[in-house]
Amino acid sequence: MVCSLGQNSQQVKKAIALWLMLEEIGYHDLIRTINSFDNATIESLFYEALQCLLCIHPNSAQPFESDETPIFTGLFDEPMNPRFFYYNREFMYKRYMHIMETVCDQIFGETKAVEVDVSSLRPAINPFGEGSSTGHEGIAMYAAGTSSRASGQVIGETSRQSSLNPDAGEFNPGQAPEDSRTMFLTFSLGHPLSRDEIIDFFTSNCGEVVQNVFIESTQPGKDPQFGRIVFTNSLVIPRILNGQTKAKFMVNRKHLWARIYVPRRRGSS
């Protein structure tokens, strides 16, 4: 984009940071896909990325006139418009700034792009696999496994004194930060789901695992199209997604898309 399209490197840096952030929430290989398009399409997607950035900055104005305008057409299975970014702006801006500081500021100099090891930009290993699930009428459940704890000495550590705190609370791998227990939800345009419908759907399939559900607040006459769900335990999510990073469900004859957030590993961060 800097060399072929003559775009400002600082603006390109911002667009790439946004696209990397989208890859973290399940839109895998987004930049690779964009790079495969012709220059005119890439330029159009670049300007759309800059438009989305205006929606996630602190104190950004809620989009009104263009909030139904589809964006990134052809890239995603589910509907996408600027409202998606505005609704998730707090989370997205935090991740966007982290990516800017840890990746894009290293890639781009003041006036041009510099070479980097692209292996450092790969997503973290995803324990839930990749791909999409498109035909679910419900949720495929795995049989609940049992966890076992090692007891006694750790092999290879017989001569080393333990540095663990004997007064620490019991370790629970499911008690992860809220970001790791959150899924992004998208509804079909004109066919929103209520908070109760979402809770009932996941409760009927998974049990009492829903901590909270947030639905987009809209202007009178406009239906919500986006939401987030927070689970009580991060171990619920791989059961829900059934080996995928995104899934599509049918809830009361209405479509529901769900995506998981998978942070990247970047050095010590």
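**Getting to know the fold**

Colleague: Which residues have the most contacts inside the largest nonpolar core?
Modeller: This is a predicted model, by the way. Its largest nonpolar core has 44 residues. Helices H1 (9-24), H2 (30-35), H3 (39-56), H4 (82-87) and H5 (89-107) each give at least two residues to this core. Inside the core, the residues with the most contacts are Trp-19, Leu-22, Phe-72 and Phe-85.

Colleague: And what is Phe-72 in contact with, leaving aside its neighbours within four places in sequence?
Modeller: Let's take the partners in sequence order. Phe-72 is in contact with Leu-18, Trp-19 and Leu-22, among others. The remaining partners of Phe-72 are Leu-45, Glu-48, Ala-49, Cys-52, Met-80 and Phe-85.

Colleague: How many helices and strands does the protein have?
Modeller: Walk along the sequence and you get the pattern α-α-α-α-α-β-α-β-β-α-β-β. Count them up and the protein has seven helices and five strands.

Colleague: Is Asn-81 buried or exposed?
Modeller: Asn-81 sits in the loop between H3 and H4. Its side chain reaches the backbone nitrogen of Arg-83 at 2.9 Å. The cut-off for buried is under 20% relative accessible area. Asn-81 has 3% relative accessibility, so it counts as buried.

Colleague: How far does helix H6 reach from its first C-alpha to its last?
Modeller: H6 covers residues 195-206, which is twelve residues. At 1.5 Å a residue, you'd expect 16 Å. The model comes out close to that, with H6 reaching 16 Å.

Colleague: Which elements do the buried residues of H6 pack against?
Modeller: The buried ones in H6 are Glu-197, Ile-198, Ile-199, Phe-201, Phe-202 and Cys-206. Right after H6 comes Gly-207, with a positive phi near 95°. As for packing, the buried residues of H6 meet S1, S2, S3, helix H7 (236-241), strand S4 (246-251) and strand S5 (254-260).

Colleague: Which residues stand opposite Ile-229 in S3?
Modeller: Strand S3 (residues 226-231) has five of its six residues buried, so it is largely enclosed by the rest of the structure. Strand S1 (residues 182-187) runs antiparallel to S3, joined by five bridges. Strand S2 (residues 210-215) is also antiparallel to S3, again with five bridges. Opposite Ile-229 you'll find Met-183 and Val-213.

Colleague: Why is S5 described as largely enclosed by the rest of the structure?
Modeller: S5 is joined to S1 by five bridges, and the two run antiparallel. One place to see this is Phe-184, which stands opposite Arg-259 in S5. The reason for calling S5 largely enclosed is its burial count, six of the seven residues.

Colleague: Which residue takes a positive phi in the hairpin of S4 and S5?
Modeller: S4 and S5 pair in the antiparallel sense over six bridges. At one of these, Val-251 has Lys-254 as its bridge partner in S5. The hairpin has two residues between the strands, and the one with a positive phi, near 50°, is Asn-252.

Colleague: What share of the 269 residues is buried?
Modeller: First, a word on the outside: the protein exposes about 15,100 Å², and carbon and sulfur atoms supply 49% of it. Among contacts with a separation of 6 or more, residues 24 or more positions apart account for 73%. Of the 269 residues, the buried share is 43%.

Key. Residues are numbered from 1 along each chain as its sequence is written. This is a predicted model: local features need pLDDT of at least 70, side-chain atom pairs count only at pLDDT 80 or more; totals for chains, interfaces and linings use all residues. Side-chain values use heavy atoms; hydrogens and water are left out. Buried means under 20% relative accessible area, exposed over 50%, partly exposed in between (1.4 Å probe, protein chains only). Helices (H or I, at least four residues) and strands (E, at least two) are DSSP runs, numbered from the N terminus. Two strands pair if DSSP finds at least two bridges between them. Contact means heavy atoms within 4.5 Å. Accessible areas come from the Shrake-Rupley method with a 1.4 Å probe; for residues, only the protein chains shown count as cover. A nonpolar core is a set of buried Ala, Val, Leu, Ile, Met, Phe, Trp, Tyr and Cys residues joined through side-chain atoms within 4.5 Å. A polar contact is a pair of N or O atoms within 3.5 Å; within protein, one must be able to donate a hydrogen and the other to accept it, and residues adjacent in sequence count only if both atoms are side-chain atoms. The expected span of a helix is 1.5 Å times one less than its number of residues.
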